[in-house]
Number of protein chains: 2
Amino acid sequence: MADPATAPSEGPSAEEPRRSDRPEEETVGLAPALVDAVRKALAEGQVETVERQVEPLHPADTADLLEALGRDERKLLLRITGEALEAEVLTYLEPELRNAVVADLGPKISAQLLKQLESDDALEFFEDLDEDPRTQILSRVPRTIQRLLTEGMTFPEDSAGRLMQREVVVVPSIWTVGETIDWMRTHKKQIVSDFYDLYVVDPRYKPIGKLPLSRVLRSKRPTKIAELMSEDFYPLKVTLDQEEVAYLFRQYSLLSAPVVDDAGRLVGVITLDDIVHVIDQEAEEDILKLGGVSESDLYSDVLRTTRRRFSWLAVNLMTAITASLVIALFEATIEQVVALAVLMPIVASMGGNAGTQTLTVAVRAIAMKDLAGRGVARFITKELLVGLFNGLLFAVVMGVIAWLWFDQPLLGAVIAIAMVINLVVAGLFGALIPFLLDKLGADPAIGSSVFLTTVTDVVGFFAFLGLAGLVLL
Amino acid sequence: MADPATAPSEGPSAEEPRRSDRPEEETVGLAPALVDAVRKALAEGQVETVERQVEPLHPADTADLLEALGRDERKLLLRITGEALEAEVLTYLEPELRNAVVADLGPKISAQLLKQLESDDALEFFEDLDEDPRTQILSRVPRTIQRLLTEGMTFPEDSAGRLMQREVVVVPSIWTVGETIDWMRTHKKQIVSDFYDLYVVDPRYKPIGKLPLSRVLRSKRPTKIAELMSEDFYPLKVTLDQEEVAYLFRQYSLLSAPVVDDAGRLVGVITLDDIVHVIDQEAEEDILKLGGVSESDLYSDVLRTTRRRFSWLAVNLMTAITASLVIALFEATIEQVVALAVLMPIVASMGGNAGTQTLTVAVRAIAMKDLAGRGVARFITKELLVGLFNGLLFAVVMGVIAWLWFDQPLLGAVIAIAMVINLVVAGLFGALIPFLLDKLGADPAIGSSVFLTTVTDVVGFFAFLGLAGLVLL
């Protein structure tokens with residue numbers, strides 16, 4: 001651990017310090033009070049007030065503001081800001097809203113804003129547009145940008161090629177630190193605004209090294225780039241899926257990585273800030289899918305949301321009907337012992353919940369590649385045992401409750417045995433289903449819970465009612 | 001969008017290019033085949049083979065390897081590597097395993113490894129240790145590190161103070177680019193290895209500017225730091241919760257941010273790579289809690305896992321028993337129309353699933369602050385309408401099925417009405433519960449689903465059986 005290295009701050013500085021200490025509370029996102037104030041100013045048509053309110057906002061907060069406003073308010077606001085809107089706002093908008101905002105702005109202003117974005121932001125914005133505005137905007141930007149955008153669209157969706165920034169600062173390994181600094185000073189207009197690593201390429205443009213800027217700054221002018229550069233970098237194929245890209249960044253704590261084409265030539269660079277977005281997105285997808293929502297519908301309207309959720313509920317209806325068919329097998333038994341109808345949801349519900357616990361751990365482990373090499377078999381065995389132990393514990397608890405409630409010791413025995421069976425089955429299938437789906441190339445977060453509840457419902461009802469039929473009648 | 005700026009690679013380079021193009025397949029994490037090979041070599045006592053296998057691994061992969069091995073294999077491997085183990089391996093280990101590995105290594109080697117870590121990694125490793133090894137290791141490190149560690153432990157858990165790196169490179173604003181470069185060249189030993197931003201402080205050590213290294217490199221030597229620095233940075237209080245820190249990084253696409261004490265003095269810096277870990281952790285917690293698992297138990301043993309999951313299942317048992325009590329109210333009704341017992345789980349299950357969809361979107365929106373200023377009321381209204389529309393759709397579907405199945409049109413009507421009621425209730429409570437819990441200071445991801453299922457079960461059974469009692473008897 002190095003000592004904190006700091007330059008001495010030699011006496012009081014000559015100039016009055018220009019401080020950036022905003023009170024902390026203000027920095028945490030967009031203030032709801034501001035949203036209300038903007039709304040009020042919009043309603044009262046106070047154009048200058050609105051301009052004064054929006055102007056100091058970070059683009060991310062302006063995007064949040066646009067999301068918070070109603071449709072007409074948003075249109076009015078965009079008409080007021082016009083081309084004075086910061087281009088970055090577009091990249092912070094939810095995809096659903098981007099198209100609406102582009103429609104409000106019109107293709108001319110949208111194209112002007114697009115031109116100001118860096119290549120990765122421009123592509124991210126562009127790829128989510130609908131067909132029509134896309135064509136209209138494309139015809140209004142310079143040819144170089146057209147080429148980058150259309151080329152970007154040829155890479156597979158959610159691939160490294162879609163994430164990468166095309167502006168990479170590259171130096172040949174034969175240069176010295178002095179030559180590099182001089183070149184940067186004379187070419188500063190062409191160099192992307194802020195960056196953190198230089199890449200070193202061979203004559204065929206293959207990356208052969210990575211050079212954090214701090215090493216350049218620390219070294220004397222005659223030092224050769226080849227001596228400073230690190231060969232420890234991870235070239236990403238342009239077609240690599242973003243999930244794999246995120247895994248590599250996370251696994252190896254990368255801040256940036258070069259992207260190469262099929263021939264191994266450097267075509268771009270991905271930085272960690274692009275990846276945070278991917279990580280959020282992947283986590284969000286897992287959470288939502290496990291909850292039975294295909295994608296975030298926070299910003300969708302009622303009808304669209306209804307339609308999207310309908311299909312998942314339809315699948316669940318089939319599961320529920322399957323469970324009902326099992327119950328129907330035992331109608332005669334239930335007719336004789338109505339207590340069974342009262343108790344039967346308990347066994348099914350406990351199985352469903354225990355199985356979901358296992359399933360959640362498994363789905364997360366698959367997403368994070370946490371079981372790499374650990375042996376899935378070991379995980380399944382463990383979950384089976386956990387199911388057995390909790391099954392035994394709840395068998396005792398519920399057995400006693402049922403016995404006392406209906407004053408029938410045998411009924412207690414039946415629910416106890418059914419509980420053990422269903423919790424063991426829940427552990428087994430909760431662990432097995434996600435890995436099977438993953439092996440089959442399906443997304444474990446999506447289908448797992450339907451399959452699981454079907455199993456725990458069917459087994460729960462069958463075990464409890466079947467045993468009851470054998471023992472009680 | 002700037003043109004890609006690249007230096008010309010002037011003719012073939014003098015030296016043979018040293019290429020870093022590992023085949024991509026190999027770079028994606030630890031190969032299962034390697035785990036097997038290490039295991040085999042360990043079993044056969046081939047010390048040199050093991051050394052040769054482990055040596056080239058990235059610390060993250062070595063950590064994965066340790067996690068994949070059994071206890072005895074792990075001990076053997078650690079005895080072979082000894083102090084040759086790369087210190088960073090410790091930071092990549094799951095907290096549960098860190099203590100085990102430290103016990104295997106002993107306090108002497110552990111302390112030696114700790115000394116090699118940067119301050120944030122050292123603290124992250126140290127804070128998760130058990131009491132005993134912590135004291136033993138602390139007494140074996142130099143006083144400066146002791147001080148940093150004990151001071152670090154005084155910051156609240158999961159706060160900015162625990163995440164920050166103490167090694168910040170700081171310059172006064174009156175310096176020039178030339179002076180900065182010269183100072184870095186002469187002090188390179190004391191400066192933390194790789195970094196990306198310089199911080200500018202006033203004489204009282206308050207941060208007044210942030211300076212990406214690329215700007216230093218691009219500017220002529222006489223340029224004043226004060227002219228180059230950006231005042232657009234976000235100082236974080238040392239006590240700020242890591243969730244808020246992550247939110248700020250995400251919202252404003254930050255790569256680093258200064259951490260200040262109560263007096264506003266610069267005490268450290270947080271970089272985006274520290275935040276990726278926090279983002280993963282927060283997402284993981286949400287996923288697991290929604291699934292009824294308090295924290296990841298992937299690496300816990302069977303008994304510990306059983307115990308942890310028991311409490312959640314016990315809560316669910318109470319929910320299930322509550323539902324049974326509702327059913328018991330209608331025992332007489334069920335005795336006369338057994339079809340009710342067959343169909344009743346369907347209404348409850350559909351309500352639970354529809355409510356979970358809403359709940360998931362709400363929990364995620366709260367975690368991501370996506371509804372900031374959007375009006376919770378608007379969200380709840382929308383979800384209520386979605387519940388109503390899907391309720392009507394499934395009322396028709398299930399009404400017809402029940403009618404045909406039991407040849408009783410009235411039974412179809414009863415289940416149809418119950419379905420609408422329960423799906424509206426599910427939408428309402430699925431949207432309401434998370435926000436109420438959040439308002440009350442509780443974690444919406446934990447309690448929401450229990451409350452929700454209790455509501456949808458009780459309402460589902462009550463509406464269906466109650467209506468049936470009125471209409472059918």
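1. A good place to start is the charged pairs: the interface of chain A and chain B holds 6 salt bridges, each being a side-chain nitrogen of Lys or Arg within 4 Å of a carboxyl oxygen of Asp or Glu. R364(B) pairs with E284(A) in a salt bridge, with 2.8 Å between the closest N and O atoms.

2. Please keep in mind that this is a predicted model, where local features need pLDDT of at least 70, side-chain atom pairs count only at pLDDT 80 or more, and totals for chains, interfaces and linings use all residues. Side-chain values use heavy atoms, without hydrogens and water.

3. On the chain A side that touches chain B, helix 19 (residues 339-367; a DSSP run of H or I, at least four residues, numbered from the N terminus) gives the most, with 18 residues. The residues of that side comprise 103 nonpolar, 33 polar and 48 charged, with Gly counted as polar and Tyr, Cys and Pro among the nonpolar.

4. As for extent, 184 residues of chain A contact 183 residues of chain B, contact meaning heavy atoms within 4.5 Å. Together the two chains bury about 16300 Å², 62% of it on carbon and sulfur atoms; this is the accessible area (1.4 Å probe) lost on being put together, summed over both.

5. Now the symmetry: a turn of 180 degrees and a shift of 0.1 Å along the axis lay chain A on chain B with an RMSD of 0.2 Å, using least squares on the C-alpha atoms of residues with pLDDT of at least 70 in both. This is the relation of a two-fold axis. Because 99% of the interface residues of chain A are also interface residues in chain B, the copies meet through the same surface.

Technical notes
Residues numbered from 1 in each chain as written. Chains lettered and ligands numbered in written order. Helix = DSSP H or I, 4+ residues; strand = E, 2+ residues; numbered from the N terminus.
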